[in-house]
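Please open the structure in your viewer and keep the sequence panel at hand. The stops below each begin with a selection and then state what is found there.

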Amino acid sequence: MTMRDLPLLPTMGVGSYATPGWLFLFRGHMREEAGPADIDEAFEDATRIAIADQVEAGIDVITDGELRRMRFVYEMYDRLDGMERVPPARRLGVPGYDRAPKFTAVERLTAPAGLGIVGEYRQLRRICPDRPVKIAFPGPMTFARNIAPGAVYDGDRTLLIEDIVAIVQAEVAALVEAGADLVQLDEPGFANPPEGVGHEEAAAAINAALAGQRERTAVHVCFGNNASRPYVRRDFARLFPALGRLDCRMLLLEFANREMADLDRLPELAERYDIAAGVIDVKSFHEETPEEVAERIRRVLRHVPAERLAVTADCGFSAIPRWLARAKLQAMAAGARIVRAELGR
């Protein structure tokens, strides 16, 4: 799947989708009351809902919604061996990044059964066999951000990252082997690398994880979306030139929640990448209208050729309720249709 295979200004979600209310209830009881078949059935039902909402809205590239993974990355740490969880220092008050899972490596990190994304891709393709699809999962910087190297790595974060890169690289290769047309690494950790890691080093690690699969891969760079809150300063200028060294076909970048700032940096990126521009603010309860979305797309088109532009949201939809996610999906697709009509295609 390339941009040439898709409609002009193709629409896509970033990856995660809003969790249906009933799934929150089910998660609270499944460990004690549900069997393995019950759990598989529930997550497949939730995945079908995520896909149906996208199809109903008219989205062009479908994701699975990542509903088997709470908050897109946190439960994925369960798929890594060699770590111990560090209890959070703060347990009271509003949830935040300081209450997110943290770990210390006590053995060399491994993923004996892989990260499980190949199974998720196969389920997505089985449920949605006749539409373009994308599969996304966290990249090495995002994994490494919450793991301390510990004595087994002699405190050397570089060695820890090398092991994480190998794990992610194996999953990317397995996804390509399974037939995935577009594999995306989600990297809020690129904008906020682990302590002591610079942006150039982060880009090199991500490129190693992509394993030379440039034409089949994308990287999503954002500034964090835990409970709709960012983590770090939200400007792209400080990420250059490392951002332009990522060896992938597409970059997904957030703009809507930053009032479309930094669009002037896009022309240099569009020379090398397809650009998926975030024109839906998933960190706000504001319901965009199709015309608002269309105007944001028009602004991006002043900097990116239409043939290189995809339309997406700033981040995944996992931090907002499903009714709002549906409204935003529908506005995104409708806004793209408005601009396609204006372009006469």
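**The approach to the first helix**

Begin with T19, in a model that is predicted; this residue lies in the segment before α1. With a relative accessibility of 13%, T19 counts as buried, because the cut-off for that class is under 20%. Beyond the residues up to four places away in sequence, T19 touches F24 and L67.

Next, select residues 21-33, which form helix α1. This helix has 13 residues and spans 18 Å from its first C-alpha to its last, close to the 18 Å expected at 1.5 Å a residue. Centre the view on R27, where α1 bends by about 35°. R27 is also one of the buried residues of the helix, together with L23, F26 and M30. Now add residues 36-57: this is α2, which is included in what covers the buried residues of α1. As a guide to the view along the helix, residues three or four places apart point the same way, because an α-helix has 3.6 residues a turn.

**The open sheet**

Move to the open sheet of 3 strands, whose order is β1-β2-β4 and whose pairing is mixed. Its edge strands are β1 (81-86) and β4, each of which pairs on one side only. Select β1 with residues 102-110, strand β2: the two pair in the antiparallel sense over 5 bridges. To find the register, pick R85, whose bridge partner in β2 is F103.

From β4 (147-148), follow the chain into the loop that leads to α5 (157-177), and stop at D154. Its phi is near 55°, a positive value in a residue other than glycine. Is D154 buried or exposed? D154 is exposed, with a relative accessible area of 70%.

**Strand β7 and its partners**

Select residues 250-254, strand β7. Why is this strand described as largely enclosed by the rest of the structure? The reason is that 5 of its 5 residues are buried. Side chains of a regular strand alternate between the two faces of the sheet. In β7, M250, L252 and E254 point one way, whereas L251 and L253 point the other way, and all are buried.

Which strands pair with β7? Strand β6 (residues 217-221) runs parallel to β7 and is joined to it by 4 bridges. Strand β8 (residues 274-278) also pairs with β7 in the parallel sense, over 5 bridges. L251 is a convenient marker for both pairings: L251 is the bridge partner of V219, and L251 stands opposite I275 in β8.

**The nonpolar cores**

Keep L251 selected and add F137, I147, L243 and L246. Of the 104 residues in the largest nonpolar core, these five touch the most other members. Focus on L243: leaving aside its neighbours within four places in sequence, L243 is in contact with F190, V221, F236, L251, L269 and Y273. A second, separate core has 11 residues, among them M12, L252, A276 and A310. L251 and L252 thus offer a starting point for each core in turn, L251 for the largest and L252 for the second.

**Loops on either side of β7**

In the loop between β6 and β7, select P241. The peptide bond from F240 to P241 is cis, with omega near 0°. Then go to D262, in the loop between β7 and α8 (266-270). D262 has a positive phi of about 75° although it is not a glycine.

**The cysteines**

Display the cysteine sulfur atoms. How many disulfides are there? The count comes to 0. C248 is in no disulfide, and the nearest cysteine sulfur, that of C222, is 14 Å away. C248 counts as buried at 0% relative accessibility, and C128 counts as buried at 4%.

**Last stop: helix α9**

Finish by selecting residues 290-301, helix α9, and centring on I297. I297 is buried, with a relative accessible area of 1%. Not counting residues up to four places away in sequence, I297 touches L9, V279, L309, V311, G335, A336 and V339. To close, draw a C-alpha to C-alpha distance from I297 to T2: the two are 295 residues apart in sequence and 20 Å apart in space.

Definitions and conventions
Residues numbered from 1 in each chain as written. Predicted model: local features only at pLDDT ≥ 70, side-chain atom pairs only at ≥ 80, totals over all residues. Heavy atoms only, no water. Buried < 20%, exposed > 50% of the residue type's maximum accessible area, 1.4 Å probe, protein only. Contact = heavy atoms within 4.5 Å. Expected span 1.5 Å × (residues − 1). Bend = angle between axes of the 7 residues up to and from the residue. Pairing = 2+ DSSP bridges. Disulfide = S-S within 2.5 Å. Core = buried A, V, L, I, M, F, W, Y, C linked by side-chain atoms within 4.5 Å.
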